[in-house]
Amino acid sequence: MAEQEEPLLIDVELEETEYVPKKNSTSEVWRYFGFKNADVDQKGDVFCKLCRKKVLAKTGNTSNLFHHLKIKHPVESHDVQSSASTSSSATTSKGNKPKQRQTSLAGQFMPYDKKSPKHRTITTAITKFIAKDMLPVYTVEKSGFKNLLKTLDARYQLPGRKYFSQTAIPDLYNNVYDTVSSEIKDMEFYAGTTDLWSSKNMEPYMSFTVHFIDSNWTLKSKCLQTVYFPQDHTGENIAEGLKETLECWDLKEEKLACLTTDNGSNIVKAVELNNWQRMQCFGHRLHLAINCGLKDNRIDRAKNVCKKVVASFSTSFKKKRDLAKVQEELQLPKHGLIAECETRWGSMQKMIARLLEQETAIQRVLSGNRKTVHLIPKWQDIEVLEAVNKAIESLAELTDALSGEEYVSISSLLPVFQKLNSDTLADQPDDVNLTKDIKRRILNYLNEKYQDLSTQNLLNKATFLDPRYKFDFISDDNTKELIKTNLFDDVRDLTQQEITVVPTQAAEASPAAKKLKLAKFLKKPDKQPKPQECMNETAKQLFDQEISNYLAMPNLNYEADPLLWWRENGLHLPILCRLARKYLCIPATSSPSERLFSTSGQVVNCKRTCLKPHKVNMLVFLARNLE
């Protein structure tokens with residue numbers, strides 16, 4: 001039997017004498033590779049000192065050398081990588097910039113460190129996405145969402161649901177809370193809206209929004225809270241709750257210009273108990289006025305017929321299909337019928353208008369089936385619906401136009417009332433008696449509800465301070481003088497100490513004291529005006545001068561922005577400028593609070609009825625205030 005050969009042991013130091021290392025090399029891998037001694041220019045082949053095999057390494061590229069060590073000599077490969085990382089750390093610690101190297105494939109797929117800026121940026125974006133779009137937190141556990149993030153950035157590791165719920169969203173809320181607090185801290189005056197609402201699980205909430213004009217004359221609107229309100233909804237409890245809201249946000253009551261609310265008796269009483277100025281919501285008043293105008297048996301019957309027709313089409317695909325065919329034959333607009341929402345009078349008007357538009361097509365579809373012939377509206381019903389539509393169609397866009405939060409609305413109410421009385425709801429030659437009756441009842445209701453002195457004074461001042469209107473819609477001279485008087489009272493109460501008083505001439509130096517004579521002793525002293533009276537007189541002169549200058553300026557176009565005008569001309573009218581900032585921020589409707597409840601309804605939906613009240617407040621706050 002042949003003798004077993006012993007394995008060949010290679011001494012690295014011995015082999016190093018046979019192969020010359022690469023000149024000026026910095027890579028640790030060249031410890032195990034080199035050139036032959038005869039290869040002086042080192043342009044020939046590279047040999048492994050461990051196994052003496054030739055390795056292709058053109059132009060000194062080390063990729064193949066690393067690969068050879070990794071495959072053939074894993075122990076030495078590990079030593080080279082360890083030495084390289086140690087050398088890199090030492091170089092960095094000395095303050096020298098490490099040489100840039102090509103990123104390895106392993107580094108390209110390494111997960112981001114959770115404290116890295118990239119990881120934090122993506123996590124914050126996901127948190128804002130959940131809060132702004134009112135999505136449930138369990139969205140982060142959905143497979144589709146995970147797959148989306150993996151496709152966009154495979155190195156990002158998505159935190160769990162618990163992290164977003166207990167850490168990310170509360171942190172975002174605190175940041176936005178601080179931002180809103182800093183914004184409202186510097187406001188000179190503000191207005192508010194409030195309302196009460198119950199969620200799907202019948203938990204009561206009270207909302208509060210604040211509206212103000214900032215230093216750049218931009219109208220801002222902020223949601224402050226949607227607070228859980230389990231107490232009885234009495235005027236006393238609501239009044240106390242509203243005061244607590246102002247205290248929580250460090251808002252001063254004397255800076256509150258007005259609170260816009262609906263017509264609930266408990267809300268009205270709460271505002272009265274707090275002795276605040278209240279503005280009744282124009283949207284609610286208009287809704288009640290139209291309901292009052294439509295109280296007629298003929299109208300009730302025609303509306304019920306209209307509802308039944310809409311219901312029959314909304315529950316039958318066959319009728320919808322037939323309606324589309326008839327619309328194409330008659331060349332009518334391909335519109336579907338509209339159902340009424342009881343709390344929105346505008347939807348009722350749209351339902352009637354759409355039925356009148358598609359009357360011919362509806363009759364043909366319903367007459368094709370003997371079971372639906374009885375649903376065809378009679379000519380009497382059509383006449384009633386036409387009369388109703390003509391009376392209220394011009395009011396359809398009024399509510400939306402006065403419900404905005406980004407533009408001035410309070411100053412347009414008085415012009416709107418005059419337009420309604422003189423044109424929109426005035427009798428027209430072609431109006432039938434029913435149309436005239438509806439218009440008359442609507443007008444009487446609105447005029448009656450807005451006759452109280454407090455509301456009239458508020459509307460008069462806001463309209464006058466709007467450079468689009470001024471006195472255009474106020475013709476009575478006594479009313480004009482009353483507006484000036486009320487505005488000056490505001491100036492005296494709010495800024496009396498800040499009004500610049502024209503300095504009087506310095507009193508002449510009194511002569512040296514002389515011995516009093518009997519005549520001078522008995523002489524009556526001259527009656528000098530009190531300092532307060534002098535200040536009021538001077539302030540009144542300045543105020544009257546500003547009024548004259550303001551009225552001398554040309555009025556703005558009705559489509560122009562009054563806040564932009566005040567930003568450009570406020571320096572010339574410093575007294576009226578402050579009053580404009582106070583009154584033009586008041587919203588004409590309580591729609592901002594209504595929008596809060598629409599947001600709350602999307603947050604507390606049928607799949608999230610177990611949300612705690614503080615979470616509801618947090619999520620609604622973020623959804624409304626995140627930009």
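Helices are taken here as DSSP runs of H or I of at least four residues, numbered from the N terminus. The structure is a predicted model, and two of its features are described below: a pocket and a contact between helices.

The second largest pocket holds about 840 Å³ of space. Its lining comprises 25 residues, of which Thr343, Arg344, Thr399, Ser591 and Glu594 are the closest to the pocket centre. Four helices, α10 (282–293), α13 (345–357), α16 (398–401) and α25 (591–603), each supply at least two residues of this lining. The greatest contribution is made by α25, which gives 5 residues to the lining of the second largest pocket. Classified by residue type, the lining of this pocket consists of 13 polar, 6 nonpolar and 6 charged residues.

The packing of two further helices was also examined. Two packed helices are described by the angle between their axes and the distance between those axes. For helix α8 (residues 235–248) and helix α9 (residues 265–273), the axes come within 8 Å and cross at roughly 55°. Angles from 35 to 65 degrees fall outside the roughly parallel and roughly perpendicular ranges, and α8 and α9 are therefore oblique to each other. The crossing of α8 past α9 is right-handed. On the α8 side, the contact is formed by Gly235, Glu236, Ile238 and Ala239, which meet Asn266, Ile267, Lys269, Ala270 and Leu273 of α9. The residues of this contact between α8 and α9 divide into 5 nonpolar, 2 polar and 2 charged.

Key:
Residues are numbered from 1 along each chain as its sequence is written. This is a predicted model: local features need pLDDT of at least 70, side-chain atom pairs count only at pLDDT 80 or more; totals for chains, interfaces and linings use all residues. Side-chain values use heavy atoms; hydrogens and water are left out. On a 1 Å grid over the protein atoms alone, a cavity is a set of points where a 1.4 Å probe fits but cannot get out, and a pocket is an open set with protein on both sides within 12 Å along at least five of seven lines; lining residues have an atom within 4 Å of a point. Grid points are joined across faces, edges and corners, and a volume is the space filled by probe spheres set on the points. Ala, Val, Leu, Ile, Met, Phe, Trp, Tyr, Cys and Pro count as nonpolar, Asp, Glu, Lys and Arg as charged, and the others, Gly among them, as polar. Axes are lines fitted to C-alpha atoms, for helices over the stretch in contact, and angles run from 0 to 180 degrees between N-to-C directions. Angles under 35 degrees count as roughly parallel, over 145 as roughly antiparallel, 65 to 115 as roughly perpendicular and the rest as oblique. A crossing is left-handed if the near helix is turned anticlockwise from the far one by less than a right angle, and right-handed if clockwise. Contact means heavy atoms within 4.5 Å.
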